[in-house]
Amino acid sequence: MVKDRMVELLQEHFELNLYEARAYVALVGFGVLTPAELASVSEVPAPRTYDVLRSLEKKGFAISQPGKVNKYRPVHPQNILEKFIEEWQERVAEELEAKKKAKEELLELMSPLIETEIPKYGVEKVWVVRGIRNATLKTKEMFEEVKEQILLADDGYIAINLESDIIKAIDNGAKAKIIVTENVFHRLGTSKIMDYYKAGKLELKVIDKLELPMLICDDEVFFALEDMAARYFNYETQIWIKDFRVKALFEGKFNEYWEKAKKA
């Protein structure tokens, strides 16, 4: 119903609760209502009508007319909704600025704690990363820190979703060799990765199947354990290892794929 949709939109986007939204829709429909009349024409319970109407007035959606029995009329939707959006934009801008300042202050305060060449928490070189969000953050970090070489064997996520990070790493001086499966290659049609390949700024090959997708950035290796159920629910388990010996083993496997793959 149209009425239900109006109530839903007011709740989702204009910070009214269910009863407030129902009351405002009723006011817009009837023009002027007393609390008792509101209870009779809407789904707002009678014991709640006074509180709900006062709340609408406080939020700017209604105006009251004092008297023996208070009457309420709605503020025109065009006016209050536009005003709400303007105030929301100001509030969001202020919150965004506050978060940026908090970030800068936290980075400054934490700078003595950030590990340097010698890791503060020991020499752990193996980490388990679960979930697509955490995997994305770790992959971005690898692209930010890579200095010399990127080796990527990808069957569906990194080349498409982290294209800008790959391009930035190449612009910063890293050399890149990328192997993708056919389905990924077709999706790269108008991407910057294809532009860089055509310009000779990276190497690109296509392969039918990858049993072991991987990302190697200098001495860091990142790969997923095979678990189709976990992949379906975006909770795949990824392994990150920083060790030149492990890197050599994975690079050997990458080179096998490279030999089998065909030019893009």
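## Legends to the close-up views

**View 1. L225 is partly exposed, its relative accessible area being 40%.** The model shown here and in the views that follow is predicted. Buried residues lie under 20% relative accessible area and exposed ones over 50%; the 40% of L225 falls between these limits, and L225 is therefore classed as partly exposed. The residue occupies the loop that joins strand β8 (220-224) to helix α11 (228-232). Once neighbours within four places in sequence are set aside, the contacts of L225 are with E236, T237 and I239. A further reference point is K125, 100 residues from L225 in sequence. The C-alpha atoms of L225 and K125 are 17 Å apart in space.

**View 2. Helices α2 and α4 pack against each other at an angle of about 80°.** Helix α2 comprises residues 18-30 and helix α4 residues 49-58, and the axes of the two helices are 9 Å apart. Since angles from 65 to 115 degrees count as roughly perpendicular, the value of about 80° makes α2 roughly perpendicular to α4. On the α2 side, the contact is formed by Y19, E20, A23, Y24 and L27. On the α4 side, V52, L53, S55 and L56 take part. By class, the residues of this contact comprise 7 nonpolar, 1 polar and 1 charged.

**View 3. E15 has a positive phi of about 60° although it is not a glycine.** Most residues other than glycine have a negative phi. E15 is placed in the loop between α1 (2-13) and α2. With a relative accessible area of 46%, E15 is partly exposed. The cut-off for the exposed class is over 50%, so E15, at 46%, does not enter that class.

**View 4. D218 likewise is not a glycine, yet has a positive phi, of about 55°.** The loop that holds D218 runs between two strands, β7 (214-217) and β8. Strand β8 also borders the loop of L225, which lies between β8 and α11.

**View 5. P45 is located in the loop between α3 (35-41) and α4.** The relative accessible area of P45 is 29%, and the residue is partly exposed. P45 and E94 are 49 residues apart along the chain, and their C-alpha atoms are separated by 37 Å. Helix α4, which borders this loop, is the helix that packs with α2 in View 2.

**View 6. E87 belongs to helix α5, which covers residues 77-110.** This residue is partly exposed, at a relative accessible area of 38%. From E87 to E256 the sequence separation is 169 residues. In space, E87 and E256 are 59 Å apart, C-alpha to C-alpha.

**View 7. N172 sits in the loop between α8 (163-171) and β5 (175-181).** N172 has a relative accessible area of 58% and is exposed. That value is over the 50% limit, which is why N172 is classed as exposed. The C-alpha atoms of N172 and P77 lie 52 Å apart, with these positions 95 residues apart in the numbering as the sequence separation.

**View 8. The whole chain, for orientation, contains 12 helices and 10 strands.** The C-alpha trace spans about 90 × 45 × 35 Å along its principal axes. The radius of gyration of the protein is 29 Å, whereas a compact globule of 264 residues would have one near 18 Å. Of the 264 residues, 35% are buried. Among contacts with a separation of 6 or more, 66% involve residues 24 or more positions apart. The protein exposes about 17100 Å², and carbon and sulfur atoms supply 55% of that area.

Technical notes. Residues numbered from 1 in each chain as written. Predicted model: local features only at pLDDT ≥ 70, side-chain atom pairs only at ≥ 80, totals over all residues. Heavy atoms only, no water. Axes fitted to C-alpha atoms, helices over the stretch in contact; angles between N-to-C directions. Helix = DSSP H or I, 4+ residues; strand = E, 2+ residues; numbered from the N terminus. Parallel < 35°, antiparallel > 145°, perpendicular 65-115°, else oblique. Contact = heavy atoms within 4.5 Å. Nonpolar A, V, L, I, M, F, W, Y, C, P; charged D, E, K, R; others polar. Rg over C-alpha atoms; globule rule 2.2 N^0.38 Å. Buried < 20%, exposed > 50% of the residue type's maximum accessible area, 1.4 Å probe, protein only. Areas by Shrake-Rupley, 256 points an atom, 1.4 Å probe, with all protein chains shown as cover.
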